[in-house]
Amino acid sequence: MTTVIDYAAPMMRIEKLLKEVHNDLLDKQLGEAFGKAVVLVTEARILCNTIVIMKEKEDIHALRQ
């Protein structure tokens, strides 16, 4: 059974948050921008962990061959 690892979802959330933080900063909404930046960092960590899982699965697959 092959499990699909979804890396696109956190990437799309990161892109959306980057745009929102940018717009908040342009509007001088520093508090809003900071809050979204914290969420952005969390999403980036989720993406990093997803990539680690993808790498581990690739390594296991390579060992089996």
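This is a selection-by-selection tour of a predicted model.

**Whole chain**

Start with the whole protein in cartoon view. The fold consists of 2 helices and 0 strands. Orient the C-alpha trace along its principal axes, where the spans are about 55 × 15 × 15 Å. The radius of gyration is 16 Å, against a value near 11 Å for a compact globule of 65 residues. Next, colour by accessibility: buried residues account for 17% of the 65 residues. With the surface switched on, the accessible area is about 5,500 Å², and carbon and sulfur atoms contribute 64% of that area.

Now display contacts between residues at least 6 apart in sequence. Of these, 61% join residues at least 24 apart. Colouring by charge shows 9 positive and 10 negative side chains, the centres of the two sets being 2 Å apart.

**The loop: K28**

Select K28, in the loop that runs between α1 (8-26) and α2 (30-64). K28 is not a glycine, yet its phi is positive, at about 60 degrees. The residue is exposed, because its relative accessible area of 70% is over the 50% cut-off.

**Between the helices: V21**

Move to V21, which is in helix α1. Is V21 buried or exposed? V21 counts as buried, since its relative accessibility is 13% and the cut-off is 20%. Show its surroundings, leaving aside neighbours within four places in sequence: the contacts of V21 are A33, K36 and A37. Then add F34 and draw a distance between C-alpha atoms; V21 and F34 are separated by 7.6 Å, though they stand 13 residues apart along the chain.

**Salt bridges**

The whole structure holds 6 salt bridges. Three of them are worth a stop.

Select D24 and K36. Their salt bridge has its closest N and O atoms 2.9 Å apart. D24 is in helix α1 and K36 in helix α2, so this pair ties together parts that are 12 residues apart in sequence. D24 is buried, with a relative accessible area of 11%. Extend the selection to K16 and E20: together with D24 and K36 they are linked in a network of salt bridges.

Next select E43, in helix α2. What does E43 contact once neighbours within four places in sequence are left aside? The contacts are P10, R13, I14 and L17. With R13, the side chain of E43 meets in a salt bridge at 2.9 Å, N to O. This pair links distant parts of the chain, E43 in helix α2 and R13 in helix α1, 30 residues apart. Compare the accessibility of the two partners: E43 is buried, at 11% relative accessible area, whereas R13 counts as partly exposed, at 37%.

The last stop is K55 and E58. The closest N and O atoms of this salt bridge are 3.8 Å apart. Where do the two residues sit relative to each other? Both are in helix α2, and because they are 3 residues apart there, about one helical turn separates K55 from E58. K55 is partly exposed, with a relative accessible area of 45%.

**Before closing the viewer**

Keep two selections on screen. D24 with K36 and E43 with R13 are salt-bridge pairs with one partner in helix α1 and the other in helix α2. K55 with E58, in contrast, lies within helix α2.

Definitions and conventions. Residues are numbered from 1 along each chain as its sequence is written. This is a predicted model: local features need pLDDT of at least 70, side-chain atom pairs count only at pLDDT 80 or more; totals for chains, interfaces and linings use all residues. Side-chain values use heavy atoms; hydrogens and water are left out. Helices (H or I, at least four residues) and strands (E, at least two) are DSSP runs, numbered from the N terminus. Buried means under 20% relative accessible area, exposed over 50%, partly exposed in between (1.4 Å probe, protein chains only). The radius of gyration is taken over C-alpha atoms; the globule rule is 2.2 Å times the number of residues to the power 0.38. Contact means heavy atoms within 4.5 Å. Accessible areas come from the Shrake-Rupley method with a 1.4 Å probe; for residues, only the protein chains shown count as cover. Lys and Arg count as positive and Asp and Glu as negative; His and the chain ends are not counted. The place of a charge is taken as NZ of Lys, CZ of Arg, CG of Asp or CD of Glu. A salt bridge is a side-chain nitrogen of Lys or Arg within 4 Å of a carboxyl oxygen of Asp or Glu.
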